[in-house]
Amino acid sequence: MDVDGMNVAAEAVVEIVPGPAKEQRPPQKRRERVRNSIGVLVETLRIFEAVREAAEEEEQKEQSPKTSEDEAEVIEDKVQIILSDSTSPDRGTRKRKQRKKKKKNVPEEVDHPGLHKYWTRRYQLFSKFDEGIQLDQESWFSVTPEEIAKHVAERCRQCDVVVDAFCGAGGNTIQFALNCRRVIAVDIDPAKILLATNNARVYGVQDKIEFICADFMQVAATLKADAIFLSPPWGGPDYTQKQVFNLEDLSCVDAKEMFKVAKTVSENVIMYMPRNTNRKQLMSLAGVGNLVEIEQSVFRSKVVALTAYFGKLIDSNF
Ligand SMILES: C[S@@+](CC[C@H](N)C(=O)[O-])C[C@H]1O[C@@H](n2cnc3c(N)ncnc32)[C@H](O)[C@@H]1O
């Protein structure tokens with residue numbers, strides 16, 4: 001996935017949408033500031049709103065479709081970008097200087113004008129990049145940057161088993177393995193399974209992962225877990241050209257069907273989606289009366305991706 005402008009992904013704007021049970025409570029806003037392990041500023045803003053409203057609007061939209069412009073307005077209303085103060089994880093460190101000294105040969109699969117920017121961000125994808133990380137061309141723009149993957153995995157710390165249904169080269173799988181007892185990592189592409197296995201070895205977590213090369217939709221019935229992570233392909237970097245990324249724009253799977261199937265594996269679902277995803281559609285997946293938490297990863301005042309949490313993974317502090 002292209003996370004354009006991405007240096008770190010530790011800043012988050014979090015929007016929590018509670019259901020009717022909480023409706024009595026007046027809308028609240030709360031801000032938190034914490035520093036993560038690499039000293040990157042993390043700030044969280046929470047906004048409360050009824051998911052029923054979103055689901056109803058989505059239903060209405062299906063009856064009388066809005067233009068993409070209307071949808072973009074809705075999205076812009078909701079995006080609250082509040083941070084600009086952040087640093088690259090490496091900036092100014094000795095490690096960075098040492099890396100700069102070593103002249104690196106750009107691997108063939110990323111040695112193209114359009115892909116060069118991913119090479120320059122390789123340590124944001126994998127901090128242990130130089131220790132033997134392997135990626136194919138698709139993975140260069142598909143991997144979840146490490147800071148985002150780490151943040152999501154840390155939220156799953158209490159989970160014993162996590163399914164990563166679209167594991168790719170292992171960006172999320174590795175972080176889940178570092179935080180949970182066991183990970184079941186599925187990918188339809190055997191080449192990705194080989195890459196993910198290698199990359200897990202680099203992080204020393206290969207023994208905690210069961211890799212399955214299969215269509216997730218076909219094997220889901222055989223899986224059970226405490227949480228399931230969904231990062232389906234976004235259809236390449238072109239998603240950035242769209243004003244609004246609708247769930248129907250996912251190239252390989254039917255999003256609603258995928259979500260339904262994922263819920264048979266675990267009630268606790270996490271979806272990693274493009275920053276321009278139609279948020280009303282995302283919210284409506286939760287179903288009327290249920291909760292969803294949408295977290296925006298922000299860098300330099302720019303939202304770089306959305307992560308939606310469903311079920312018990314919703315931050316219980318609200
Ligand atoms: C966006 S990538 C995942 C990247 C991963 N989260 C990471 O950080 O490395 C999506 C992956 O889904 C895989 N995929 C596509 N359709 C699938 C399916 N039906 N079942 C399982 N995997 C699938 C692709 O091969 C691709 O590796």
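**Figure 1. Helix H9, a length check and a buried side.** Welcome to the first close-up, where the 13 residues of helix H9 (residues 190–202) should span 18 Å at 1.5 Å a residue, and the end C-alpha atoms are 19 Å apart, which agrees. Please keep in mind that this is a predicted model. Which residues of H9 are buried? They are Lys 192, Ile 193, Leu 195, Ala 196, Asn 199 and Ala 200. These buried residues cover an arc of only 165° around the axis, which puts them on the same side of H9. Their cover includes helix H6 (137–142), H8, E5 and strand E6 (209–213). After H9 comes Gly 204, and its phi is positive, near 70°.

**Figure 2. The chain as a whole.** Before going further in, it helps to step back for a moment. The chain has 12 helices and 10 strands. Of its 318 residues, 45% count as buried. Take the contacts between residues at least 6 apart in sequence: 72% of them join residues at least 24 apart.

**Figure 3. Strand E4 and its two partners.** Here you can follow strand E4 (residues 161–164), which runs parallel to strand E5 (residues 182–187) and is joined to E5 by 4 bridges. One pair to look for is Val 161 with its bridge partner in E5, Arg 182. Together with helix H8 (residues 171–179), E4 and E5 make a right-handed β-α-β unit. E4 also runs parallel to strand E7 (residues 227–230), with 3 bridges between E4 and E7. Which residue of E7 is the bridge partner of Val 162? It is Ala 227. Another bridge pairs Asp 164 with Phe 229 in E7.

**Figure 4. Strand E7 and the step to E8.** In a regular strand, side chains alternate between the two faces of the sheet. In E7, Ala 227 and Phe 229 point one way, while Ile 228 and Leu 230 point the other way, and all are buried. E7 pairs with strand E8 in the parallel sense, over 3 bridges. Within this pairing, Phe 229 stands opposite Ile 270 in E8. From E7 the chain crosses through H11 to E8, and this β-α-β crossover is right-handed.

**Figure 5. Helix H11, with a buried face and an exposed side.** Now look at the helix of that crossover, H11 (residues 255–265), where Ala 255, Met 258, Phe 259, Val 261, Ala 262 and Val 265 are the buried residues. Seen down the axis of H11, these residues fall within an arc of 170°, so they line one face of the helix. On the other side of H11 you will find Glu 257, Lys 260 and Thr 264, which are exposed. What covers the buried residues of H11 includes E4, helix H10 (216–219), E7 and strand E8 (269–273).

**Figure 6. Inside the largest nonpolar core.** The largest nonpolar core has 72 residues, and Val 162, Val 163, Ile 228, Leu 230 and Ile 270 touch the most other members. Strand E10 (residues 302–310) gives the largest share of this core, 7 residues. What does Leu 230 touch, not counting residues up to four places away in sequence? The answer is Ala 165, Phe 166, Met 258, Ala 262, Val 269, Ile 270, Met 271 and Tyr 272. Two of these names, Met 258 and Ala 262, may be familiar from the buried residues of H11.

**Figure 7. His 116, buried or exposed?** This view turns to helix H4 (residues 116–120), where His 116 lies. His 116 is partly exposed, because 13 other C-beta atoms lie within 10 Å. Trp 140 is 24 residues apart from His 116 along the chain, and the C-alpha atoms of the two are separated by 9.7 Å.

**Figure 8. Pro 274 in a loop.** The last close-up shows Pro 274, whose place is in the loop between E8 and helix H12 (279–284). Why does Pro 274 count as buried? The reason is its 22 C-beta neighbours inside 10 Å, as a residue counts as buried with 20 or more. Val 304 is 30 residues apart from Pro 274 along the chain, with 7.5 Å separating their C-alpha atoms.

Notes: Residues are numbered from 1 along each chain as its sequence is written. This is a predicted model: local features need pLDDT of at least 70, side-chain atom pairs count only at pLDDT 80 or more; totals for chains, interfaces and linings use all residues. Two strands pair if DSSP finds at least two bridges between them. Helices (H or I, at least four residues) and strands (E, at least two) are DSSP runs, numbered from the N terminus. A crossover is right-handed if, with the strands pointing away from the viewer, the path from the first strand over the helix to the second runs clockwise. The expected span of a helix is 1.5 Å times one less than its number of residues. A residue is buried if 20 or more other C-beta atoms lie within 10 Å of its own, exposed if 12 or fewer, and partly exposed in between; C-beta atoms are placed from the backbone. The arc is that of the directions from the helix axis to the C-beta atoms. Two residues are in contact if their C-beta atoms, placed from the backbone, lie within 7 Å. A nonpolar core is a set of buried Ala, Val, Leu, Ile, Met, Phe, Trp, Tyr and Cys residues joined through C-beta atoms within 7 Å.
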